[in-house]
Amino acid sequence: MSPTSAHRLRRRLAGTMFDQSWDWALAHYAQGLADPFAPDPPPPAAPPAPR
């Protein structure tokens, strides 16, 4: 997938688990740059499964 396609998909799926995971990944990367010895932040919680 190209970067353009990935960003387009993220815009289309705004507010979904995909979008939340993207934000988490960016924050995780930024934290690693700021303090490489800091503990990993927890990943976003998955929404409950529909019944």
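Which helix do the buried residues of helix 1 pack against? Keep that in mind as you move through this predicted model; the stops below lead to the answer.

**Stop 1: the whole chain**

Start with a cartoon view of everything. The protein chain has two helices and zero strands. Its radius of gyration is 13 Å, well over the 10 Å that the globule rule gives for 51 residues, so the chain is more spread out than a compact globule. If you align the view to the principal axes, the C-alpha atoms fill a box of roughly 40 × 35 × 15 Å. Now colour by accessibility: buried residues make up 10% of the 51 residues. The accessible surface comes to about 4,300 Å², and 64% of that belongs to carbon and sulfur atoms.

**Stop 2: helix 1**

Next, select residues 3-12, which form helix 1, and show Ala6, Leu9 and Arg10 as sticks; these three are buried. Turn the view until you look down the axis of helix 1: its buried residues fall within an arc of 100°, so they line one face of the helix. A general point helps here: an α-helix has 3.6 residues a turn, so residues three or four places apart point the same way. Now rotate to the face of helix 1 turned away from its buried side, where you will find the exposed residues Arg11 and Arg12. Here is the answer to the opening question: the buried residues of helix 1 pack against helix 2.

**Stop 3: Asp19**

Move to helix 2, residues 17-34, and pick Asp19. Is Asp19 buried or exposed? Asp19 is buried, because its relative accessible area of 14% is under the 20% cut-off. Show what lies around it: leaving aside residues up to four places away in sequence, Asp19 touches Arg10, Leu13 and Ala14. Arg10 is one of the buried residues you displayed in helix 1. Then add the backbone of Gly15, whose nitrogen lies 3.0 Å from a polar atom of the Asp19 side chain.

**Stop 4: an aromatic pair**

Stay in helix 2 and select Phe18 and Trp22, which are four residues apart and so separated by about one helical turn. How many aromatic pairs are there? The count comes to one. Phe18 and Trp22 form that edge-to-face pair, at 5.9 Å centre to centre with 70° between the planes. Their surroundings are worth a look too: Phe18 is partly exposed, with a relative accessible area of 33%, whereas Trp22 is buried at 19%.

Terms used
Residues are numbered from 1 along each chain as its sequence is written. This is a predicted model: local features need pLDDT of at least 70, side-chain atom pairs count only at pLDDT 80 or more; totals for chains, interfaces and linings use all residues. Side-chain values use heavy atoms; hydrogens and water are left out. Buried means under 20% relative accessible area, exposed over 50%, partly exposed in between (1.4 Å probe, protein chains only). A polar contact is a pair of N or O atoms within 3.5 Å; within protein, one must be able to donate a hydrogen and the other to accept it, and residues adjacent in sequence count only if both atoms are side-chain atoms. Contact means heavy atoms within 4.5 Å. The arc is that of the directions from the helix axis to the C-beta atoms. Rings of Phe, Tyr and Trp (its six-membered ring) pair if their centres lie within 6.5 Å; planes under 30 degrees apart count as stacked, over 60 as edge-to-face and the rest as tilted. The radius of gyration is taken over C-alpha atoms; the globule rule is 2.2 Å times the number of residues to the power 0.38. Accessible areas come from the Shrake-Rupley method with a 1.4 Å probe; for residues, only the protein chains shown count as cover.
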